[in-house]
Amino acid sequence: MNRQSIQELIQSQENDHNLDQAFFCNEELFDLSYRSVFMKQWVFVTHTSIFSANSNIFNFHIQNDVVKIKKISKNKFSAKLSSNNKDCHIKVYESLIFINLSSDPYDFEEFILPLKPFIEIHGLEDAKIAYEKEFIFNASHLATIYNFKECAHCTSQGTYGHKDYVGLHGSEYCNSYGAGVGSGIDSKEFADRLYKWTKETKARGNFVDDYTETTDKFFRIAERTPLKENIFSETVDGSRACSHLMGQFKDNYDDNGYTAIGFSPFNSFVANTEFVILFVFVPVSTTKTIVKLMWCTHKDAEVDIEKMIFLWTITTQEDAILCEINQKGIESKSFVPGKYGKLETALVQYQKFYLNHLQNHLNTIV
Ligand SMILES: [Fe+2]
């Protein structure tokens, strides 16, 4: 595809319809997406507890290359691309290690500022990675990200839904907040519960808020919501898996809340009061995306690992199957972009962000 035809394709997309097949399948468009979206965002790749007395190197694998991250001293880190030994931009905030692969990155402080209060309450500086696992998604990054940003599939019946996730969180939460604040259809039942919980939790001195993106540079979202009555953690029966709570909840009021943060299309953070799950999405090719999950707990916690990882392991495995089926459907000769539904408002926003980034990047290429 030449620049003219890519430009025309970008401009021909309809705001309220899914993207053209080529964005999911064409290798040149994959490459353009990689450069204009993935490489431009600040992406966290690990937690500082990954380093030990025996190992001060962490290798982050990206498409055809490795970012070598080195711990130089307690608060000093470096990042280099293996292919050319050039430095990458690196920042550490609350023990999360962020890299940026562009030569002129967006300001990190501007990026992290609105997310700070949501992150800080979870005490990641006193945390360890208790477990981590990589999932291979046989789908493009677009099909993968789309799946994580729409709530319609959660409550689907049979093989294609999230029976365990919906069982724990309830369909009112999934349909109204499943892909973040404003991503679904308002539920009066959940809204009433959120209002009551917010009032009580704030009165007890804990932080509660929500945030939606205000710029066209980033794709951030954050909110705190209550877990269901008598659900204390994101385990299969809602009971605790760890001996210690994290951050402010350890010594103050345990509000049994649920924090969800999207830093960019390539990172999510979901947390209850005893563990945080960090998600990293790495685009590899038009048919492969690596989704890595890191479960972080208080550094001194004794953890029932199987119990802690059950819900998001099965949910991610279900998502991997869904994404593969979706990718195959998109690759079909019969594929026609469909109109977005009411549970897909986050996709409309993402599409706008994505196409803007592609267009902006094309504008910088002479
Ligand atoms: Fe899902």
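In this predicted model, Thr-214 is found in the loop that links β8 (210-212) to β9 (221-226). Thr-214 counts as exposed because it has 9 C-beta neighbours inside 10 Å, and a residue with 12 or fewer falls in that class. The C-alpha atom of Thr-214 is separated by 16 Å from that of Leu-347, a residue 133 places away along the chain.

The two strands flanking this loop pair with each other: β8 and β9 are antiparallel and share 3 bridges. Within this pairing, Thr-212 sits opposite Ile-221 of β9. Strand β9 also pairs with β10 (residues 257-264), again in the antiparallel sense, and here 6 bridges join the two. Thr-225 has Tyr-258 in β10 as its bridge partner.

What, then, is the burial of β9? The strand is mostly covered, with 6 of its 6 residues buried. In a regular strand, side chains alternate between the two faces of the sheet. In β9, Ile-221, Glu-223 and Thr-225 point one way, while Ala-222, Arg-224 and Pro-226 point the other way, and all are buried.

Turning to the nonpolar interior, the largest core comprises 86 residues. The residues with the most contacts inside this core are Phe-44, Val-276, Leu-278, Val-280, Trp-295 and Cys-296. Strand β12 (residues 275-285) supplies the largest share of the core, 8 residues. Nonpolar side chains tend to be buried together in soluble globular proteins. Leaving aside residues up to four places away in sequence, Val-276 touches His-122, Leu-124, Ala-127, Met-246, Phe-269, Ala-271 and Cys-296.

Note on methods
Residues are numbered from 1 along each chain as its sequence is written. This is a predicted model: local features need pLDDT of at least 70, side-chain atom pairs count only at pLDDT 80 or more; totals for chains, interfaces and linings use all residues. A nonpolar core is a set of buried Ala, Val, Leu, Ile, Met, Phe, Trp, Tyr and Cys residues joined through C-beta atoms within 7 Å. A residue is buried if 20 or more other C-beta atoms lie within 10 Å of its own, exposed if 12 or fewer, and partly exposed in between; C-beta atoms are placed from the backbone. Helices (H or I, at least four residues) and strands (E, at least two) are DSSP runs, numbered from the N terminus. Two residues are in contact if their C-beta atoms, placed from the backbone, lie within 7 Å. Two strands pair if DSSP finds at least two bridges between them.
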